[in-house]
Amino acid sequence: MNITIKATKYQLRPETEALIEEKLAAPLRLLGEKGDRALLEIEIEEAPPEGRSSEPCRLVARLIIDNRVFHAEAVKPSPESAADRVRS
């Protein structure tokens with residue numbers, strides 16, 4: 001599986017990046033052989049200031065498998081909690 005992580009207007013630390021990758025890649029092991037062909041794109045950015053001052057992190061994940069795209073998004077106070085929500 002290929003995993004890409006992109007941070008936009010967000011200072012992402014290496015340990016946070018590793019934790020997010022671990023949280024979001026773990027369930028994908030259930031895909032078996034399809035997991036080898038999967039692409040997981042993760043984008044982390046500062047949330048728009050639309051009254052969400054207590055939730056400054058937006059995480060978007062796109063999983064592409066056999067030309068099918070699955071999308072999940074969460075806005076939470078931290079990248080870790082956003083990754084938990086996306087994983088759910």
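Reader: Across which strands does helix H3 (residues 79-87) lie, and at about what angle does H3 run to E4?

Author: Helix H3 lies across strand E3 (57-65) and strand E4, running at about 140 degrees to E4. The helices and strands named here are DSSP runs numbered from the N terminus, H or I of at least four residues for a helix and E of at least two for a strand. The angle is taken between N-to-C directions on a scale from 0 to 180 degrees, with axes as lines fitted to C-alpha atoms, for helices over the stretch in contact. This is a predicted model, in which local features need pLDDT of at least 70 and side-chain atom pairs count only at pLDDT 80 or more, while totals for chains, interfaces and linings use all residues. Residues are numbered from 1 along each chain as its sequence is written, and side-chain values use heavy atoms, with hydrogens and water left out.

Reader: What makes Pro79, Ala82, Ala83 and Val86 lie on the same side of H3?

Author: These four residues of H3 are buried, a word that stands for under 20% relative accessible area, with exposed meaning over 50% and partly exposed in between (1.4 Å probe, protein chains only). They cover an arc of only 100 degrees around the axis, and therefore they sit on the same side of H3; the arc is that of the directions from the helix axis to the C-beta atoms. Among the elements that cover the buried residues of H3 are H1, E3 and E4.

Reader: Which strands pair on one side only in the open sheet?

Author: The open sheet has four strands in the order E1-E2-E3-E4, with mixed pairing. Its edge strands are E1 (2-8) and E4 (68-76), each of which pairs on one side only, and the twist from one strand to the next averages 15 degrees.

Reader: How do you know that E1 and E2 pair, and what joins E3 to E4?

Author: Two strands count as paired if DSSP finds at least two bridges between them. E1 and E2 are joined in the parallel sense over seven bridges, so the requirement of at least two is met. One of the E2 residues in this pairing is leucine 39, the bridge partner of asparagine 2. E3 and E4 run antiparallel and are joined by nine bridges, with isoleucine 64 standing opposite valine 69 in E4. In the hairpin that E3 and E4 form, two residues lie between the strands, and aspartate 66 takes a positive phi near 50 degrees.

Reader: Why is glutamate 43 called buried?

Author: Glutamate 43 has a relative accessible area of 18%, and therefore it is classed as buried. This residue belongs to strand E2 (residues 39-46). Leaving out residues up to four places away in sequence, glutamate 43 touches Lys6, Thr8, Arg58, Leu59, Val60 and Arg62, where contact means heavy atoms within 4.5 Å.

Reader: What makes the approach of glutamate 43 to threonine 8 a polar contact?

Author: The two side chains come to 3.3 Å, and a polar contact is a pair of N or O atoms within 3.5 Å; within protein, one must be able to donate a hydrogen and the other to accept it, and residues adjacent in sequence count only if both atoms are side-chain atoms. The pair is therefore counted as a polar contact.

Reader: Is glutamate 45 buried or exposed?

Author: Glutamate 45, also found in strand E2, counts as buried because its relative accessibility is 16%. Not counting residues up to four places away in sequence, glutamate 45 touches Thr8, Tyr10, Pro56, Cys57 and Arg58.

Reader: Why is lysine 9 called exposed?

Author: Lysine 9 has a relative accessible area of 70%, so it is exposed; this residue lies in the loop between E1 and H1. In strand E4, arginine 68 is likewise exposed, at 54%, whereas valine 75 of E4 counts as buried at 15% relative accessibility.

Reader: Which residues have the most contacts inside the largest nonpolar core?

Author: They are Ile20, Leu24, Leu40, Ile42, Ile44 and Leu59, in a core of 17 residues. A nonpolar core is a set of buried Ala, Val, Leu, Ile, Met, Phe, Trp, Tyr and Cys residues joined through side-chain atoms within 4.5 Å. Helix H1 (14-25), E2, E3 and H3 each supply at least two residues of this core, and its largest share, five residues, comes from E3. Isoleucine 20, setting aside neighbours within four places in sequence, is in contact with Leu12, Ile42, Ile44, Leu59, Pro79 and Ala83.
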